[in-house]
Amino acid sequence: MASKSSQEFGDRQAMLDHLNSVIEREFTPEQLAELRKRLDQSEERAKRLRKTRLENADEPEIVFQPYRKDEMGS
Amino acid sequence: LSALAFTTIPELGRMIRSGQVSPVQLAEEALERLDSIGRSLNAVVTLTGELALEQARQAEDELAHGVDRGPLHGIPYGAKDLLSTAGIPTTWGMEPFRSQVFAEDAAVIERLREAGAVLVAKLAMVEGAGGFGYEQPDAALTGPGKSAWNPDAWAGGSSSGSGSAVGAGCVPFAIGTETWGSILLPAAFNGISGFRPTYGTVSRRGAMALSWTMDKIGPMCLTAQDCATVLGTIAGRDPGDPTTRQGWFEPPAAAGGELRIAVLRGGAGNAQAEVRANFEASLDVLQTMGTVHEVDLPDFPWDETASTIITVEGAAAFEEFIRAGQNEQLTAPEDRVGLLEGLVIPAVDYLRAMRVRRKGTRAMDDLLAGFDVIVAPSAAFVATPLQDRFDSWFEGSQGPSLGAAGNLCGLPSISVPNGFGERGLPTGLELMGRAYNDGRVLAVAMRYQELTDWHTRRPRQGSGAAA
């Protein structure tokens with residue numbers, strides 16, 4: 001199944017609902033305010049990142065190395 | 001002043017080998033200074049007295065029998081408390097880990113032990129290396145780190161204790177770590193030299209993980225030359241950290257000839273007046289070493305990319321801790337919800353950040369290929385008042401800086417003292433280079449320190465004033 005894009009998760013409330021679904025915890029009003037601020041910042045960052053044009057060939061800066069103990073050491 | 005305080009590594013080495021001072025005396029003096037001055041600055045988590053005296057006695061005995069392990073033999077040091085030490089608590093600066101004890105030493109601790117260095121303390125740090133998003137100095141289980149120059153000013157973070165312990169002359173060197181600013185900022189705020197190596201130069205085995213692709217380990221010392229000495233010992237391939245390679249770090253050759261120095265355009269634009277003036281004076285010195293060229297960073301969302309990666313990797317590294325609600329026990333109230341947002345950032349956003357990062361690293365290398373170093377103020381301001389929250393200092397109108405781009409691209413960088421600013425607090429000059437040019441960056445910093453004496457200035461003990 002394809003991942004949902006951040007646009008689908010979109011607004012802060014959707015992310016907060018998602019967070020509540022993955023973590024069972026009661027937040028104080030202060031914590032909730034702090035959390036909302038951080039979710040807003042995440043969403044702003046995602047919007048800014050989406051402004052950088054990427055092509056299909058633009059790979060992430062992650063290099064997977066197939067493993068062989070006698071070659072890799074550990 | 002004592003024999004130990006503010007004495008550089010080569011000077012201490014000469015004193016040890018000439019019999020002026022013994023490793024045991026140095027260890028005892030370091031322990032004493034850490035217990036008094038260090039604790040008053042909230043720089044100490046654990047004094048490792050028993051181990052230190054054992055290691056110092058061994059160093060002394062070996063030298064007496066003609067065994068010399070090199071420049072760090074018998075030299076005391078402190079380690080940021082996120083580096084594991086066998087049988088000694090490693091708290092990560094976090095209350096829930098106050099009693100955490102590992103069975104093995106981190107790779108860095110191993111290497112320093114093999115080089116004959118003497119571990120005297122586990123040094124204070126911001127909880128979780130600052131990854132939980134702290135917004136004020138009081139975010140560590142040992143209390144807010146205080147600058148060696150003024151106990152009413154912050155020591156910087158997250159390697160707070162490493163910075164202030166060296167700055168106050170408690171140890172000649174310390175080990176810090178940086179994911180984004182955690183070596184360079186405390187180095188600047190404590191008037192010392194702090195070096196961030198190229199990512200992968202120093203093994204992360206046994207170090208707390210915050211961001212696997214951005215965490216770096218480096219030396220914090222009195223001089224750039226001492227940073228080179230320590231880095232020469234701790235750098236190198238370690239099978240326990242697959243990102244390390246052999247031969248990346250070459251000791252600095254003299255930075256002779258005409259250097260090409262880039263200056264970050266606008267880097268000092270929004271800085272405090274003294275920071276700007278000191279930076280301009282530094283440029284005058286650098287101009288005697290070569291040609292200076294103003295440049296812009298490539299246009300990338302550096303801050304956003306770095307933040308996204310650290311938040312997601314940090315949330316993954318601490319997922320069990322967060323899910324178990326243990327973050328409720330952290331010191332700073334804002335940290336108690338820190339990294340939660342990382343649990344719900346879509347994977348595609350993280351991967352987008354890593355794709356942007358790949359393009360960014362190449363653009364940065366294109367820029368830096370033409371220069372020995374790029375320079376900017378280490379921070380736009382001196383150490384902030386201890387009671388101040390960060391939002392008034394770190395957010396908003398700081399202007400361009402090298403921090404996010406340099407850390408995202410894993411580039412080597414150093415902060416060296418370059419003067420004094422408000423309230424007599426030290427200011428710093430950052431010199432950053434191309435990937436794997438660690439030796440070159442250190443060589444340029446060493447040449448700068450040959451031409452200046454800011455790195456020889458010391459705080460007056462107890463007075464909290466510049467001297």
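Here is a quick briefing on the two chains, the salt bridges and a few buried spots in this structure. Keep in mind that this is a predicted model. Chain B has 467 residues, and 65% of them count as buried; in chain A, with 74 residues, the buried share is 30%. A salt bridge between B:Glu135 and A:Lys37 joins the two chains.

**The two chains**

- Chain B carries 14 helices and 15 strands, while chain A has four helices and zero strands.
- Reading chain A from the N terminus, you get α-α-α-α.
- Chain B has a radius of gyration of 20 Å, which agrees with the value near 23 Å for a compact globule of 467 residues.
- Along the principal axes, the C-alpha atoms of chain B fill a box of roughly 60 × 55 × 45 Å.
- If you take the contacts in chain B between residues at least 6 apart in sequence, 79% of them join residues at least 24 apart.
- On the surface side, chain B has about 15,400 Å² accessible, with 48% belonging to carbon and sulfur atoms; chain A exposes about 5,500 Å², and carbon and sulfur supply 49% of that.

**Salt bridges**

- Over all chains, a search of the whole structure turns up 28 salt bridges.
- In the bridge between B:Glu135 and A:Lys37, the closest N and O atoms are 2.7 Å apart. B:Glu135 sits in the loop between S3 and S4 of chain B and A:Lys37 in helix H3 (residues 29-50) of chain A, so this pair joins two chains.
- B:Glu135 counts as buried at 16% relative accessibility, whereas A:Lys37, at 31%, is partly exposed.
- That pair isn't on its own: A:Glu34, A:Lys37, A:Arg38, B:Glu135 and B:Arg389 are linked in a network of salt bridges.
- Within chain B, B:Arg205 and B:Asp238 meet at 2.9 Å, N to O. B:Arg205 comes from the loop between S7 and S8, and B:Asp238 from the loop between H7 and strand S9 (259-264), so the pair ties together parts 33 residues apart in sequence.
- B:Arg205 is partly exposed, with a relative accessible area of 25%, but B:Asp238 is buried at 7%.
- B:Arg265 and B:Glu294 form another salt bridge, at 3.0 Å from N to O. This one links B:Arg265, in the loop between S9 and helix H8 (273-287) of chain B, with B:Glu294 in strand S10 (residues 290-295), 29 residues apart.

**B:Glu127, a buried charge without a partner**

- You'll find B:Glu127 in the loop between strand S3 (118-123) and strand S4 (146-147) of chain B.
- B:Glu127 is buried but has no salt bridge: B:Arg336, the nearest side chain of opposite charge, is 6.9 Å away. Why doesn't that pair count as a salt bridge? Because a salt bridge needs the nitrogen and the carboxyl oxygen within 4 Å.
- The B:Glu127 side chain does reach the backbone nitrogen of B:Ala332, at 3.0 Å.
- Beyond its neighbours within four places in sequence, B:Glu127 has contacts including B:Trp92, B:Phe132, B:Leu330 and B:Asp335.

**Helix H7 and B:Thr201**

- Eight of the eleven residues of helix H7 (residues 224-234) of chain B are buried, so the helix is largely enclosed by the rest of the structure. Among them are B:Asp226, B:Cys227 and B:Leu231.
- After H7(B) comes B:Gly236, with a positive phi near 135°.
- B:Thr201, in the loop between strand S7 (193-196) and strand S8 (216-221) of chain B, is buried at 2% relative accessible area.
- A polar atom of the B:Thr201 side chain lies 2.7 Å from the backbone oxygen of B:Thr198.
- The C-alpha atoms of B:Thr201 and B:Pro412 are separated by 9.5 Å, although the two are 211 residues apart along the chain.

Notes:
Residues are numbered from 1 along each chain as its sequence is written. Chains are lettered from A and ligands numbered from 1 in the order in which they are written. This is a predicted model: local features need pLDDT of at least 70, side-chain atom pairs count only at pLDDT 80 or more; totals for chains, interfaces and linings use all residues. Side-chain values use heavy atoms; hydrogens and water are left out. Buried means under 20% relative accessible area, exposed over 50%, partly exposed in between (1.4 Å probe, protein chains only). Lys and Arg count as positive and Asp and Glu as negative; His and the chain ends are not counted. A polar contact is a pair of N or O atoms within 3.5 Å; within protein, one must be able to donate a hydrogen and the other to accept it, and residues adjacent in sequence count only if both atoms are side-chain atoms. Contact means heavy atoms within 4.5 Å. The radius of gyration is taken over C-alpha atoms; the globule rule is 2.2 Å times the number of residues to the power 0.38. Accessible areas come from the Shrake-Rupley method with a 1.4 Å probe; for residues, only the protein chains shown count as cover.
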